[in-house]
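Dear colleague,

I am passing on the structure below, and would be glad if you could look it over alongside the notes that follow.

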Amino acid sequence: MEIKLQLPDEFAGMIAKCLADQLDQQKPHPQMEADAWLNKGEASKYLKVSRVFLDELIKSQSLPCKRIGTRSYRFKKADLDDWLRSQQ
């Protein structure tokens, strides 16, 4: 099934701008460079591991991280990259 729509040029331009804006939002944020700090959820997604496994790595002190308060942790992206390279 094929559907063809004819839109006025102004609508086509608006749609193109919306799509471009959405694509820009999908690009990695400039702060997601090596000096970026990630929370546990972001770190587990970045490493592609479960939160449970991330907790095990934290407990075993094999993963570099900073403890914030009593229950929060932050992970420097550059440190995670170095850790990943050391695991190969």
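**Contacts, core and packing**

Please keep in mind that this is a predicted model. A convenient place to begin is L80, which, when its neighbours within four places in sequence are left aside, is in contact with L38, A43, Y46, L47, L63, P64 and F75.

L80 also belongs to the largest nonpolar core, a group of 11 residues in which it is joined by L38, A43, L47, L54, L57, I58, L63, Y73, F75 and W83. Two or more residues of this core come from each of helix 2 (40-47), helix 3 (51-59), strand 3 (72-76) and helix 4 (77-86), and the element that gives the most is helix 3, with 3 residues. As background, nonpolar side chains tend to be buried together in soluble globular proteins.

Turning to helix 4, the buried residues there are K77, L80, D81 and W83. Because these residues cover an arc of only 165° around the axis, they fall on the same side of helix 4, while R85 and S86, on the other side of the helix, are exposed. The cover over the buried residues of helix 4 includes strand 1 (37-38), helix 2, helix 3 and strand 3. With respect to the strands, helix 4 lies across strand 1 and strand 3, and runs at about 70° to strand 3.

The strands themselves form an open sheet of 3 strands, in the order 1-3-2 and with antiparallel pairing. Strand 1 and strand 2 (66-68) stand at the edges and have a single partner strand each, so that one side of each is left without a neighbour in the sheet. Strand 1 and strand 3 run antiparallel and are joined by 2 bridges, and W37 is found opposite K76 in strand 3.

Finally, there is the pairing of helix 2 with helix 3, whose axes come within 9 Å and cross at roughly 100°. Since angles of 65 to 115 degrees count as roughly perpendicular, helix 2 and helix 3 are therefore described as roughly perpendicular to each other. On the side of helix 2 the contact is made by K40, G41, A43, S44 and L47, and on the side of helix 3 by R51, L54, D55 and I58. Several of these residues are also members of the nonpolar core, among them A43, L47, L54 and I58.

With best regards

Notes: Residues numbered from 1 in each chain as written. Predicted model: local features only at pLDDT ≥ 70, side-chain atom pairs only at ≥ 80, totals over all residues. Heavy atoms only, no water. Core = buried A, V, L, I, M, F, W, Y, C linked by side-chain atoms within 4.5 Å. Buried < 20%, exposed > 50% of the residue type's maximum accessible area, 1.4 Å probe, protein only. Helix = DSSP H or I, 4+ residues; strand = E, 2+ residues; numbered from the N terminus. Contact = heavy atoms within 4.5 Å. Arc of directions from axis to C-beta. Pairing = 2+ DSSP bridges. Axes fitted to C-alpha atoms, helices over the stretch in contact; angles between N-to-C directions. Parallel < 35°, antiparallel > 145°, perpendicular 65-115°, else oblique.
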